[in-house]
Amino acid sequence: MQLGRQIEEAERQKALVRSLERQQEATQQEAAAKLAQSRHEAERTAGQKEQELERVRHQGQLETERVRFQLQQKLSELEPLPELLKTCEMRLQDAQERVSSYERKSIDQTQLIAEMTVKVHGPSRL
């Protein structure tokens with residue numbers, strides 16, 4: 001009888017081992033599926049991040065080009081100003097010299113008028 005019990009116990013143990021093996025295999029398959037799903041999700045997320053990064057880079061390049069274009073426009077607008085300033089300064093200097101000359105002539109003419117008035121009317125009329 002002892003042998004029968006041992007065989008039964010061995011059969012139960014065998015069944016238990018098979019059951020545990022099936023559970024382990026199922027667990028491994030589940031883990032493999034989760035791993036595959038995680039890898040897929042990671043690849044998808046990485047792809048999305050790469051696309052977003054490329055989009056941001058592209059926008060940055062467009063913005064840089066836009067700013068560069070605006071700066072070049074401003075620079076081209078400012079380019080003639082140094083020469084214009086030089087011309088204006090020369091014209092101002094010329095005008096100041098003429099004013100100074102006119103002032104000297106005016107002083108000279110005022111003195112001449114005063115002298116002539118003295119000659120014509122005498123010193124008492126000043």
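Leu84 counts as partly exposed, at 46% relative accessibility, where partly exposed is the band between buried (under 20% relative accessible area) and exposed (over 50%), using a 1.4 Å probe and protein chains only. This leucine sits in helix H2, which runs over residues 81–121; helices here are DSSP runs of H or I with at least four residues, strands are E runs of at least two, and both are numbered from the N terminus. Leu84 also joins Leu78 and Leu81 in a nonpolar surface patch of about 270 Å². To make a patch, residues need over 30% relative accessible area and no salt bridge, with like charges joined within 9 Å and nonpolar side chains (Val, Leu, Ile, Met, Phe, Trp, Tyr) within 5 Å. Accessible areas come from the Shrake-Rupley method with a 1.4 Å probe, and for residues only the protein chains shown count as cover.

A word on the model itself: it is predicted, with local features needing pLDDT of at least 70 and side-chain atom pairs counted only at pLDDT 80 or more, while totals for chains, interfaces and linings use all residues. Residues are numbered from 1 along each chain as its sequence is written, and side-chain values use heavy atoms, leaving out hydrogens and water.

Stepping back to the whole chain, there are two helices and zero strands. H2 contributes 41 residues and reaches 58 Å from its first C-alpha to its last, close to the 60 Å expected at 1.5 Å a residue; that expected span is 1.5 Å times one less than the number of residues. After H2 comes Gly122, with a positive phi near 95 degrees.

The overall dimensions tell a similar story. The C-alpha trace spans about 170 × 30 × 15 Å along its principal axes. The radius of gyration is 53 Å, whereas a compact globule of 126 residues would have one near 14 Å; the value is taken over C-alpha atoms, and the globule rule is 2.2 Å times the number of residues to the power 0.38. Buried residues make up just 1% of the 126 residues. The chain exposes about 12,000 Å², with carbon and sulfur atoms supplying 57% of it. As for distances within the chain, Ala42 and Arg91 are 49 residues apart in sequence and 73 Å apart in space, C-alpha to C-alpha. Ala42 belongs to helix H1 and is partly exposed, at 46% relative accessibility.

Then there are the charged pairs. A search of the whole structure turns up eight salt bridges, each being a side-chain nitrogen of Lys or Arg within 4 Å of a carboxyl oxygen of Asp or Glu. One of them links Arg44 to Glu41 at 2.4 Å, N to O. These two are three residues apart in helix H1 (residues 2–78), so about one helical turn separates them. Arg44 is partly exposed at 39%, and Glu41 is partly exposed at 36%.

Further along, Arg55 forms a salt bridge with Glu52, and their closest N and O atoms are 2.3 Å apart. Here too the partners are three residues apart in H1, about one helical turn, with Arg55 partly exposed at 38% and Glu52 at 37%. Arg66 and Glu63 likewise meet in a salt bridge, 2.4 Å from N to O, and they lie three residues apart in H1. Arg66 has 39% relative accessibility and Glu63 has 38%. An α-helix has 3.6 residues a turn, so residues three or four places apart point the same way.
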